[in-house]
Amino acid sequence: MSMKTTDLCDQYPEKIRIVDPTYASFGKKKSFFGPISTVRVKDDNVLVRNALETIPAGNVLVVDGMASKNCALLGGNLAEIAAERELAGIIVNGYIRDRLEVCEADVGVMALGTIPLKSKKEGKGETDIALEFGNTEWNPGDYVYVDEDGIIVSSEKLEL
């Protein structure tokens, strides 16, 4: 099922939050939506991997990496885990690596850009918390909709 963000904005202007247009698409799926699961980390992707291995199929993992340019929080291996588990997508307020592998993974991936350095593996961070970045609030259980026109968030599932 495909949802166009433009149509959702037109039909539900009072129910959507528009994310700043600073994110680029890297995954094979250019359009995706689903309920939000959250992780906040700084230069450490252990909790990102844990979430990708445990959140329900169809969810979108939203990672607040605090826009750190120190390292990548997602690479080809983690994108493949998300694809195999049939997650809808991943949105990273940070950077990825293994660009070509991520682009081949059958999952939606949005991030600020790429950097070749891998992250630390200390397991520090928080999960299932409200996040704020991209001029938007991201709450676990809210819905996110992504396509070529942008990213929008709603506190409820929207239907067209």
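## Exercises on a predicted model

**Exercise 1. Take the salt bridge between Glu-156 and Lys-15, whose closest N and O atoms are 3.1 Å apart. Find which parts of the chain the pair ties together.**

Solution. The model is predicted.
- Step 1: check the distance. A salt bridge needs a side-chain nitrogen of Lys or Arg within 4 Å of a carboxyl oxygen of Asp or Glu. Glu-156 and Lys-15 come to 3.1 Å.
- Step 2: place the partners. Glu-156 sits in the segment after E14, and Lys-15 in the loop between H1 and strand E1 (16-18), so the bridge links parts 141 residues apart in sequence.
- Step 3: check exposure. Glu-156 has a relative accessible area of 35% and is partly exposed. Lys-15, at 32%, is partly exposed.

**Exercise 2. Name the residues that salt bridges with shared partners join into one network, and describe the bridge between Arg-40 and Glu-126.**

Solution.
- Step 1: start with the pair. The side chains of Arg-40 and Glu-126 meet at 3.1 Å, N to O.
- Step 2: locate both ends. Arg-40 belongs to strand E3 and Glu-126 to strand E10 (residues 126-127), so the pair ties together parts 86 residues apart in sequence.
- Step 3: read the accessibilities. Arg-40 is partly exposed at 24%. Glu-126 is partly exposed at 39%.
- Step 4: look at one more bridge. Lys-124 and Glu-122 meet at 3.4 Å, N to O. Lys-124 is exposed, with 54%, while Glu-122 is partly exposed, with 47%.
- Step 5: name the network. Shared partners join Arg-40, Asp-64 and Glu-126.
- Step 6: give the total. The whole structure holds 7 salt bridges.

**Exercise 3. Which side chain of opposite charge is nearest to the buried Asp-44?**

Solution.
- Step 1: locate the residue. Asp-44 is in the loop between strand E3 (32-40) and H2.
- Step 2: test for a salt bridge. The nearest side chain of opposite charge is that of Lys-124, 6.6 Å away. The cut-off is 4 Å. Asp-44 has no salt bridge.
- Step 3: look for a backbone partner. The backbone nitrogen of Gly-123 lies 2.8 Å from a polar atom of the Asp-44 side chain.

**Exercise 4. Place Ala-67 and Asn-135 in the chain, and give phi for Ala-67 and for Asn-135.**

Solution.
- Step 1: recall the background. Most residues other than glycine have a negative phi.
- Step 2: take Ala-67. Its phi is near 55°, a positive value. Ala-67 lies in the loop between strand E4 (60-64) and E5. Its relative accessibility is 34%, so Ala-67 is partly exposed.
- Step 3: take Asn-135. Its phi is positive too, near 60°. Asn-135 lies in the loop between strand E11 (131-133) and strand E12 (136-138). Its relative accessibility is 67%, so Asn-135 is exposed.

**Exercise 5. Describe the linings of the largest pocket and the second largest pocket.**

Solution.
- Step 1: take the largest pocket. Its volume is about 250 Å³. It is lined by 17 residues, with Asn-45, Gly-75, Asn-77, Leu-78 and Lys-121 closest to the centre. Helix H2 (46-54), strand E5 (72-74) and helix H3 (76-84) each supply at least two lining residues. The lining divides into 5 nonpolar, 6 polar and 6 charged residues.
- Step 2: take the second largest pocket. Its volume is about 210 Å³. Of its 18 lining residues, Asp-147, Glu-148, Asp-149, Gly-150 and Ile-151 lie nearest the centre. Helix H1 (5-11) and strand E14 (150-154) each give two or more residues to this lining. The lining divides into 8 nonpolar, 5 polar and 5 charged residues.

Definitions and conventions. Residues are numbered from 1 along each chain as its sequence is written. This is a predicted model: local features need pLDDT of at least 70, side-chain atom pairs count only at pLDDT 80 or more; totals for chains, interfaces and linings use all residues. Side-chain values use heavy atoms; hydrogens and water are left out. On a 1 Å grid over the protein atoms alone, a cavity is a set of points where a 1.4 Å probe fits but cannot get out, and a pocket is an open set with protein on both sides within 12 Å along at least five of seven lines; lining residues have an atom within 4 Å of a point. Grid points are joined across faces, edges and corners, and a volume is the space filled by probe spheres set on the points. Helices (H or I, at least four residues) and strands (E, at least two) are DSSP runs, numbered from the N terminus. Ala, Val, Leu, Ile, Met, Phe, Trp, Tyr, Cys and Pro count as nonpolar, Asp, Glu, Lys and Arg as charged, and the others, Gly among them, as polar. Buried means under 20% relative accessible area, exposed over 50%, partly exposed in between (1.4 Å probe, protein chains only). Lys and Arg count as positive and Asp and Glu as negative; His and the chain ends are not counted. A polar contact is a pair of N or O atoms within 3.5 Å; within protein, one must be able to donate a hydrogen and the other to accept it, and residues adjacent in sequence count only if both atoms are side-chain atoms.
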